[in-house]
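Trainee: Could you pick one helix-helix contact and take me through it closely? After that, I'd like to hear how the rest of the chain looks when you read it in that way.

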Amino acid sequence: AASRRSRESPRAPSASDRAGGRRAAEARNVVGMAAPPPPPAMWAPQKEGVDQILQLLTEYRAPGANQQRMYQRLQQCARIPDFNNYLAAILCDGDGVQEEIRQTAGLLLKNNLKTGWETTAAEYRAYIQRALLPALGHASKLIRQTAGTCVSMAARAAGPAGWPDLYPALARCVESGDANHVDGALDAIYKTCEELNGRLDVDVPGLPEGSPAGLLIPRLLTLMANPDSATIRRRALGAINLMVPCWPESHAKLMDTYLQGLFQLALDQDNGVRKHVCSGIVGLLYRAPEKLTPNMREVITYMIDRTNDGDEDVALESCEFWAAFCEADLERDTVETLREFTPKLIPMLLTNMAYAEDDEEVLQAEDDEINRGREDSDKDIKPSFRGTKDKGGGLGDGGGGNGGGGGGGDTDLF
């Protein structure tokens, strides 16, 4: 049933259908998707197929269910050519279905897209892409975020040039002013940057800005300065940070705007924003150290302060700066700038060093300290023998002796 196209006669729409249709139309308008009547050849879900898959998902989530067996059944369904389309339909258009069931459909879709995009028919890919974009503005945060995860996976599989409609739609969402669409788009942009390792500087035919990064960065810079929402500032800054290593040359001048934005957010009250500020400075130190050089003393002072930040995540992120400083391509005079801070920096780093309780090296060092001056007992001396894998002759050599078996295996005595 799940593999057949819909051929049923149309039924009269109910009130809930009409309400759902209005919400879907509003979402399509935000992302710039027209909603003309589908042509006869366009795929559409069949009610019988939706019901069957919903039943499987419900049983899969039921308390006490044999999830391994149910998962195997779902994996068998994945062999049906349009199974992923049904999962997309349930996630994005499943009005009246429990959110947890819709989320499960989305997570299954994400896993399937990760491994099966290349073998999915173009018609089915197009349906999934059309369905996911309006869902980024869904009223439920759970649905928005799950849709964003699926968008990022499809974007990774298709590549920047393989889904050219995605990035203009995301740009329209972040400029829409609608809280749900802005939130969903920022979540999708961040996840897409993660999946593509920030490589959104690829030229895409038809984009006036040349590349997805060129399209998105100016809009994200505006959201970085949002005075009303720390969440928006945090997500916009986090997404830009991921694109810094591949900042498009066509937008090189905007890097100064980005740097000024980092300085303006340096003392933001939100811990997550300050963490991303530290990450952004580290990224610039690798990508464009000359941007930081004129203010290096102030930057070093700031990073020392953040290393003592009351929030552990901010403090840990700031520690990346010191390793980056040693590895970055800096002028000698800039390197010498750090020297005047070492009397304060080195004791601080040593004081803040942390080890796991089971760190073998720490345990060994503590044991050596306790037993300093004592003679080793017999049990403290562990004999070692060379196995055949590091042999140079002797017991492990297959040429003779008690260890010679002629097989030359990799078996160690200890």
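Mentor: Sure, let's start with the crossing of α15 and α16, where α15 passes α16 in a left-handed sense. Keep in mind that this is a predicted model. Two numbers are handy here, since a packed pair of helices is described by the angle between the axes and by the distance between them. For α15 (residues 296–307) and α16 (residues 312–327), the axes come within 8 Å and the angle is roughly 140°. That value makes α15 oblique to α16, because the label roughly antiparallel is kept for angles over 145 degrees. On the α15 side, the contact is made by M296, V299, I300, M303, I304, R306 and T307, while α16 supplies V314, A315, S318, C319, F321, W322 and F325. Sort those residues by type and you get 11 nonpolar, 2 polar and 1 charged.

Now try the same reading on α5 (99–116) and helix α7 (residues 141–158). Their axes lie 9 Å apart and the packing angle is about 10°, so α5 and α7 run roughly parallel to each other. From α5, the residues in contact are E99, R102, Q103, G106, L107, L109, K110, L113 and K114; from α7, they are L142, I143, T146, T149, C150, M153, A154, R156 and A157. By type, that contact divides into 9 nonpolar, 4 polar and 5 charged.

A third geometry shows up between helix α2 (residues 47–61) and helix α4 (residues 83–93), with axes 10 Å apart at an angle of about 80°. That angle is why α2 and α4 count as roughly perpendicular. G49, V50, I53, L54 and L57 of α2 meet F83, Y86, L87 and I90 of α4. The breakdown for this contact is 8 nonpolar, 1 polar and no charged residues.

Stepping back for the overall picture, the protein has 19 helices and 0 strands. Of its 414 residues, 42% are buried. If you take contacts with a sequence separation of 6 or more, 67% of them join residues 24 or more positions apart.

A few individual residues put some detail on that. D183 is part of helix α9 (residues 179–195), and its relative accessibility of 13% counts as buried. Setting aside residues up to four places away in sequence, D183 touches K141, R144 and R235.

Next, go to the loop between α9 and α10 (212–224), where you'll find L196. L196 is buried, at 11% relative accessible area. Beyond its neighbours within four places in sequence, L196 contacts A155, R156, P160 and Y167. R156 is one of the α7 residues in the contact with α5 as well. The C-alpha atoms of L196 and G159 are 7.9 Å apart, although 37 residues separate them in sequence.

N197 is in that loop between α9 and α10 too, but it is exposed, with a relative accessible area of 62%. Have a look at its backbone while you're there: phi of N197 is near 55°, which is a positive value in a residue other than glycine.

A121 belongs to another loop, the one between α5 and α6 (122–135). It counts as partly exposed, at 36% relative accessibility. D82 is 39 residues away from A121 along the chain, yet their C-alpha atoms are separated by 8.7 Å.

Last stop, the cysteines. The structure holds 0 disulfides. C92 is in none, and the nearest cysteine sulfur, that of C150, is 7.3 Å away. A disulfide needs two cysteine sulfur atoms within 2.5 Å, so the sulfur of C193, 9.8 Å from the closest cysteine sulfur in C246, is too far for a bond. Neither residue is out in the open: C92 is buried at 8% relative accessible area, and C193 is buried at 1% relative accessibility.

How values were computed:
Residues are numbered from 1 along each chain as its sequence is written. This is a predicted model: local features need pLDDT of at least 70, side-chain atom pairs count only at pLDDT 80 or more; totals for chains, interfaces and linings use all residues. Side-chain values use heavy atoms; hydrogens and water are left out. Buried means under 20% relative accessible area, exposed over 50%, partly exposed in between (1.4 Å probe, protein chains only). Axes are lines fitted to C-alpha atoms, for helices over the stretch in contact, and angles run from 0 to 180 degrees between N-to-C directions. Helices (H or I, at least four residues) and strands (E, at least two) are DSSP runs, numbered from the N terminus. Angles under 35 degrees count as roughly parallel, over 145 as roughly antiparallel, 65 to 115 as roughly perpendicular and the rest as oblique. Contact means heavy atoms within 4.5 Å. Ala, Val, Leu, Ile, Met, Phe, Trp, Tyr, Cys and Pro count as nonpolar, Asp, Glu, Lys and Arg as charged, and the others, Gly among them, as polar. A crossing is left-handed if the near helix is turned anticlockwise from the far one by less than a right angle, and right-handed if clockwise.
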